[in-house]
Amino acid sequence: TAPLDLAATLDSGQAFRWNRRDDGFEGVVGNSVVLLRQTGDGLEFFSAPEPEATVRQRLIDYLALDIDLDDVYRVIRTDEEIGASIDKFRGMRVLRQDPWECLASFICSSNSNIQRIRRNIEDIAGLCGEPIEAEPIRADGAIRHAFPTPERLASVGPEQLRRLKLGYRAAYLHQAAVMVAEGRVVPLTLREADYEDAIEQLTRVPGVGDKVANCVALFSLE
């Protein structure tokens, strides 16, 4: 019943694993491939291979459907310009992504564009992410992959990442994976940190400046 514009949310450059398909989107959330579409009275999804109840709860969290956007709008509608933006993009939600995947994705986003970032993220997942058995969804036989854990990505050398056309980002991504795998930065725990501390810890990671850190804070750390 809350405001939701699924297309504006998934096409807004917050996340890079969603593709348009028929009258909705196909994406990877956690360890499942998900078909998702907005209908007149809500959302419909089909997923594999995890149970529907598991994916349903994950999508509620991912899409931040537990946030009352009308309350948010009442607080932030402080001038005409913000009001016009709310009216134009009503229902565009700020996603609550996995912090590690979000961090890695926005390291790849530096000096790039959405189409290239999407290709990079899919190539990284294909290189070292676990394949997802989603035969009922992927009728064309194509296989999608879960995003690799930091440990798995750390085990892949920067040269292999460079072959995915990541350029200078390959070294940063590898270093970030090593730091997270070793526990020197634990992205998920930063949801409990205050803003300044979260930004300070994120910017310790090679390749993470103020803009990337703020994107990660907004799109995955609440």
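I take exposed to mean over 50% relative accessible area, buried to mean under 20%, and partly exposed to be in between. The model I am reading is predicted.

**Entry 1: salt bridges**

I began with Asp23. At a relative accessible area of 54%, Asp23 is exposed. I then looked up its partner. The Asp23 side chain forms a salt bridge with that of Arg37, at 3.0 Å from N to O. I noted where the two residues sit. Asp23 is in the loop between strand S1 (19-21) and strand S2 (24-29), while Arg37 is in strand S3 (residues 32-39), so this pair ties together parts 14 residues apart in sequence. Arg37 is partly exposed, with 33% relative accessible area.

Next I checked Asp11. Its side chain meets that of Arg20 in a salt bridge, 2.7 Å from N to O. Asp11 is partly exposed at 31%. Arg20 is exposed, because its 56% relative accessibility is over the 50% cut-off.

A third pair is Asp70 with Arg90, whose side chains meet at 2.9 Å, N to O. Asp70 belongs to helix H3 (residues 69-76) and Arg90 to the loop between helix H4 (80-88) and helix H5 (99-108), so the bridge ties together parts 20 residues apart in sequence. I find Asp70 partly exposed at 28%. Arg90 is partly exposed too, at 41%.

I also looked for shared partners. Arg17, Arg21, Glu26, Glu122 and Arg144 are joined into one network by salt bridges that share partners. My search of the whole structure gave 18 salt bridges.

**Entry 2: helix H9**

How far does helix H9 reach from its first C-alpha to its last? I get 18 Å for its 13 residues (169-181), close to the 18 Å expected at 1.5 Å a residue.

I listed the buried residues of H9. They are Arg169, Ala170, Leu173, His174, Ala176, Ala177, Met179 and Val180. I kept helix geometry in mind while reading that list. Residues three or four places apart in an α-helix point the same way, because there are 3.6 residues a turn.

Which elements cover the buried residues of H9? The cover includes H5, helix H6 (114-128), helix H7 (150-154) and helix H8 (158-166). Just after H9, I noted a positive phi of about 80° at Gly183.

**Entry 3: nonpolar cores**

I went on to the largest nonpolar core. It has 39 residues, and Ile124 and Leu173 touch the most other members. Two or more residues come from each of H5, H6, H7, H8, H9, helix H10 (195-202) and helix H11 (210-220). H5 gives the largest share, seven residues.

I followed Leu173 of H9 further, since this residue is buried. Setting aside neighbours within four places in sequence, Leu173 contacts Ala104, Ile107, Cys108, Ile124, Leu153, Leu161 and Leu166. I then found a second, separate core of 13 residues, with Leu6, Trp18, Leu36 and Val55 among them.

**Entry 4: strands S3 and S4**

I returned to S3, the strand that holds Arg37. In which sense do S3 and strand S4 pair, and over how many bridges? The pairing of S3 with S4 (residues 42-48) is antiparallel, over seven bridges. A hairpin of two residues joins S3 to S4. Across the pair, I see Leu35 opposite Phe46 in S4.

I added one reminder for reading this sheet. Side chains in a regular strand alternate between the two faces of the sheet.

Terms used. Residues are numbered from 1 along each chain as its sequence is written. This is a predicted model: local features need pLDDT of at least 70, side-chain atom pairs count only at pLDDT 80 or more; totals for chains, interfaces and linings use all residues. Side-chain values use heavy atoms; hydrogens and water are left out. A salt bridge is a side-chain nitrogen of Lys or Arg within 4 Å of a carboxyl oxygen of Asp or Glu. Buried means under 20% relative accessible area, exposed over 50%, partly exposed in between (1.4 Å probe, protein chains only). Helices (H or I, at least four residues) and strands (E, at least two) are DSSP runs, numbered from the N terminus. The expected span of a helix is 1.5 Å times one less than its number of residues. Contact means heavy atoms within 4.5 Å. A nonpolar core is a set of buried Ala, Val, Leu, Ile, Met, Phe, Trp, Tyr and Cys residues joined through side-chain atoms within 4.5 Å. Two strands pair if DSSP finds at least two bridges between them.
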